[in-house]
Amino acid sequence: MVFALLALQLLGNADSVQIGAGQAIDQAVTTSLANNKLQTKQATEQGAERYTVQVYAGRRIDANSLYMRLTDSVGAVLPVVIHFDEPQFKVFVGIYGSRIEAEYALRKWRANFPTSFAVQAPNERFKKNASSN
């Protein structure tokens, strides 16, 4: 019995987690974050799945007006894109790496645009400074 308890103490619990501290852990976290940023950038450049928030779909004149208004207000921070998808013009705001990020941003946009929703963003819509009419 004593031998069994001693063996359990030496082997440790399979479900336990050991937490470290110090410079090695800080360096590992920093390296991991840098690698994650690099992978995200490479995935975006290679055409990975991305999401956006569609805030409007309808007539050209209304879409252009909304596009100009959004570009003036949030255009420096978020990409704003107008796209013709027959028979409507659509206005999209933001670009997100996952659906959950887009859904989170959607909560903000729904206050002003109740019919807005998160949608997968095709690559050609969100090239740097791109806008297609």
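Trainee: What is the mean pLDDT of the protein?
Mentor: Good place to begin, since this is a predicted model. Of the residues, 58% reach a pLDDT of 70 or more. Over residues 1-10 the pLDDT is below 50, and that stretch has 0 contacts in the model beyond near neighbours in sequence. Across the whole protein, the mean pLDDT is 75.

Trainee: Which other stretch has a pLDDT below 50 and 0 contacts beyond near neighbours in sequence?
Mentor: Have a look at the N-terminal part of the model again. Residues 1-10 were one such stretch. The other one covers residues 12-17.

Trainee: Thanks! In what order do the elements run from the N terminus on?
Mentor: Start with the inventory: the secondary structure comes to 4 helices and 4 strands. Now walk along the chain from the N terminus, and the elements run α-α-β-α-β-β-α-β.

Trainee: In what order do the 4 strands lie in the sheet?
Mentor: The sheet is open, and its pairing is antiparallel. Its edge strands, each pairing on one side only, are strand 2 (80-85) and strand 4 (117-121). Neighbouring strands are turned by 40 degrees against each other on average, direction ignored. Read across the sheet, the order is 2-3-1-4.

Trainee: Over how many bridges do strand 1 and strand 3 pair?
Mentor: Let's take both partners of strand 1. With strand 4 it pairs in the antiparallel sense over 5 bridges, and there V53 stands opposite A118. With strand 3 the pairing is also antiparallel, and Y51 has Y96 as its bridge partner. For strand 1 and strand 3, the count is 6 bridges.

Trainee: How many of the 9 residues of strand 1 are buried?
Mentor: Consider what surrounds this strand. Helix 3 (residues 60-74) packs on the sheet and touches strand 1, strand 2 and strand 3. Helix 4 lies across strand 1, strand 3 and strand 4. Strand 1 is mostly covered, and the number of buried residues is 7.

Trainee: At about what angle does helix 4 run to strand 4?
Mentor: Both helices that touch the sheet come with an angle. The direction of helix 3 makes about 165 degrees with that of strand 2. For helix 4 against strand 4, the angle is about 140 degrees.

Trainee: Is Q54 buried or exposed?
Mentor: Q54 lies in strand 1 (residues 50-58). Not counting residues up to four places away in sequence, Q54 touches K90, V91, F92, S116, F117 and V119. The relative accessible area of Q54 is 8%, under the 20% cut-off, so this residue is buried.

Trainee: How many salt bridges does the count come to?
Mentor: We can name them by their residues. D62 forms one with R59, with the closest N and O atoms 3.2 Å apart, and D85 forms one with K90, also at 3.2 Å. The side chains of E103 and R99 meet in another, at 3.5 Å from N to O. The count comes to 3.

Trainee: Which residue of the D85 and K90 salt bridge is buried?
Mentor: Compare each relative accessible area with the 20% cut-off for buried. D85 has 32%, so D85 is partly exposed. At 16%, the residue on the buried side of the cut-off is K90.

Trainee: And is R59 exposed or buried?
Mentor: The partner of R59 in the salt bridge is D62. D62 has 33% relative accessibility and counts as partly exposed. R59 has 53%, over the 50% cut-off, so R59 counts as exposed.

Trainee: In which helix do E103 and R99 both lie?
Mentor: The two residues are 4 apart, about one turn of the helix. E103 counts as partly exposed at 33% relative accessibility, and R99 counts as partly exposed at 38%. The element, covering residues 99-112, is helix 4.

Trainee: One last overview, please: what share of the exposed area do carbon and sulfur atoms supply?
Mentor: Of the 133 residues, 26% count as buried. Among contacts between residues at least 6 apart in sequence, 65% join residues at least 24 apart. The protein exposes about 9,900 Å², and the share supplied by carbon and sulfur atoms is 56%.

Notes:
Residues numbered from 1 in each chain as written. Predicted model: local features only at pLDDT ≥ 70, side-chain atom pairs only at ≥ 80, totals over all residues. Heavy atoms only, no water. Salt bridge = Lys/Arg side-chain N within 4 Å of Asp/Glu carboxyl O. Buried < 20%, exposed > 50% of the residue type's maximum accessible area, 1.4 Å probe, protein only. Contact = heavy atoms within 4.5 Å. Areas by Shrake-Rupley, 256 points an atom, 1.4 Å probe, with all protein chains shown as cover. pLDDT = per-residue confidence, 0-100. Pairing = 2+ DSSP bridges. Axes fitted to C-alpha atoms, helices over the stretch in contact; angles between N-to-C directions.
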